[in-house]
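Got your viewer open? Grab the mouse, and let's take a walk through this one stop by stop.

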Amino acid sequence: MHSNAEQRIGVFGGAFDPPHAGHLALAKTALEQLHLDLLHIIPTGQAWHKTRALTAAEHRLAMTGLAFADLERVVVDAREIERAGPTFTIDTLLELQQQYRAAQLFLIIGQDQADALTTWHRADDILKIAIICVAGRAFPAGATGRFDASNSLPAPFQRLVMPPMDVNATDLRRRLAHHQSVVPLVFEPVARYIALHHLYQSA
Ligand code: ATP
């Protein structure tokens, strides 16, 4: 922990359906570049903006635990899964603000999420509470107003620099449904869990 300084708490949400090497790379990058004291990895409940039905929360939570098991300063946090009704990032941030008084919160997102941020529930309040940290080189496509496509991002944005990783869960689910190998993009323990529970059998 930083002494004499406010705690730096990262928040990294996702469907993690399944968790993959891109998620791990992003988490590692955030821990290092933001000097986080702790990173909360938060599998979503049935997120309001996802049209697809997600894999059962218990499985996504278990896989997320396996995927991030070796990372220090990380906690896999089930609060959104346990919350009744639709889950919103703003509610999670408000809870964490209560939990870590006087801490600085960093919301970690990939480029695609940054592009959609203005559509999030209470986006303005999110920007007041957390510094938004975005992985990816280009910045919100067609950005206007508060978002700035130039290199100097307006506060409260911060860029995370990581080599682009061409991996996404949609493609992995498709490959799994076709019985194709997904290791090492999906880590061995997660792949074993998927096989054991017969997940992603259909695309
Ligand atoms: P799907 O294909 O089902 O939409 P996904 O691979 O995008 O899934 P999510 O669980 O939706 O995974 O992503 C959680 C967070 O991780 C999001 O902020 C997303 O932008 C980010 N992310 C996912 N994959 C990568 C990647 N390869 N590089 C950087 N960020 C990523």
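How do the residues of the shell around the ligand divide into nonpolar, polar and charged? They divide into 9 nonpolar, 9 polar and 3 charged. Keep in mind as you click around that this is a predicted model.

**Stop 1: the ligand and its shell**

Select the ligand and show what surrounds it. You should find 21 residues there, and the closest are His20, His23, Asp112, Ala169 and Thr170. Now colour by secondary structure. β1 (8–14), α1 (21–33), β4 (104–110), α5 (111–116) and α7 (169–177) each give the shell at least two residues.

Next, pick out some polar atoms beside the ligand's oxygens. At Ala15, a backbone N or O atom sits 3.0 Å from an oxygen atom of the ligand. Move to Phe16: a polar backbone atom there is also 3.0 Å from a ligand oxygen. For His23, look at the side chain instead, where a polar atom lies 3.0 Å from an oxygen atom of the ligand. Now show the ligand's surface: on its own it has 600 Å² of accessible area, and the protein covers 87% of that.

**Stop 2: the loop between β1 and α1**

Stay with Phe16, which belongs to the loop between β1 and α1. Is Phe16 buried or exposed? It is buried, with a relative accessible area of 1%, and the cut-off for that word is under 20%. Check its backbone too: phi is near 50°, a positive value in a residue that isn't glycine.

Now slide along to Pro18, in the loop between β1 and α1. The peptide bond joining Asp17 and Pro18 is cis, with omega about 0°.

**Stop 3: a cluster of rings**

Show the side chains of Phe12, Phe16 and Phe68, which form one aromatic cluster. How many aromatic pairs does the count come to? The answer is 2. In one of them, Phe12 and Phe16 meet edge-to-face, 5.4 Å centre to centre and with 85° between the planes. Both Phe12 and Phe16 are buried.

Then turn to Phe16 and Phe68. Their ring centres are 6.0 Å apart and their planes stand at 75°, so this pair is edge-to-face. Phe16 is in the loop between β1 and α1, while Phe68 is in the loop between α2 (57–67) and β3 (74–76), so the pair ties together parts that are 52 residues apart in sequence. Like Phe16, Phe68 is buried.

**Stop 4: the strands**

Hide the side chains and switch to cartoon. The protein chain has 8 helices and 6 strands. Of its 203 residues, 48% count as buried.

Select β4. How many of its 7 residues are buried? The answer is 7, so to speak a full house. On one side you'll find Gln104, Phe106, Ile108 and Gly110, and on the other Leu105, Leu107 and Ile109.

Now add its partners. β1 and β4 run parallel, joined by 4 bridges, and you can spot Gly10 standing opposite Phe106 in β4. β4 also pairs with β5 in the parallel sense, over 6 bridges. Look for Phe106 opposite Ile131 in β5, and Ile109 opposite Val134 in β5.

Move on to β5 itself, residues 130–135. Here 5 of the 6 residues are buried, so this strand is largely enclosed by the rest of the structure. β5 is joined to β6 (residues 157–160) by 4 bridges, and the two run parallel.

Zoom in on Cys133, which is found in strand β5. Cys133 is buried, with a relative accessible area of 0%. Its bridge partner in β6 is Gln158. Try the distance tool here: the C-alpha atoms of Cys133 and Phe106 are separated by 6.5 Å, though the two residues are 27 apart along the chain.

**Stop 5: two last backbone spots**

Go to Arg122, in the loop between α5 and α6 (123–129). Its phi is positive, about 55°, although Arg122 is not a glycine. At 38% relative accessibility, Arg122 counts as partly exposed.

Finish at Pro184, in the loop between α7 and α8 (188–196). A cis peptide bond joins Val183 to Pro184, with omega about 10°.

Methods. Residues are numbered from 1 along each chain as its sequence is written. This is a predicted model: local features need pLDDT of at least 70, side-chain atom pairs count only at pLDDT 80 or more; totals for chains, interfaces and linings use all residues. Side-chain values use heavy atoms; hydrogens and water are left out. A residue is near a molecule or strand if one of its heavy atoms lies within 4 Å of it. A polar contact is a pair of N or O atoms within 3.5 Å; within protein, one must be able to donate a hydrogen and the other to accept it, and residues adjacent in sequence count only if both atoms are side-chain atoms. Accessible areas come from the Shrake-Rupley method with a 1.4 Å probe; for residues, only the protein chains shown count as cover. Ala, Val, Leu, Ile, Met, Phe, Trp, Tyr, Cys and Pro count as nonpolar, Asp, Glu, Lys and Arg as charged, and the others, Gly among them, as polar. Rings of Phe, Tyr and Trp (its six-membered ring) pair if their centres lie within 6.5 Å; planes under 30 degrees apart count as stacked, over 60 as edge-to-face and the rest as tilted. Buried means under 20% relative accessible area, exposed over 50%, partly exposed in between (1.4 Å probe, protein chains only). Two strands pair if DSSP finds at least two bridges between them.
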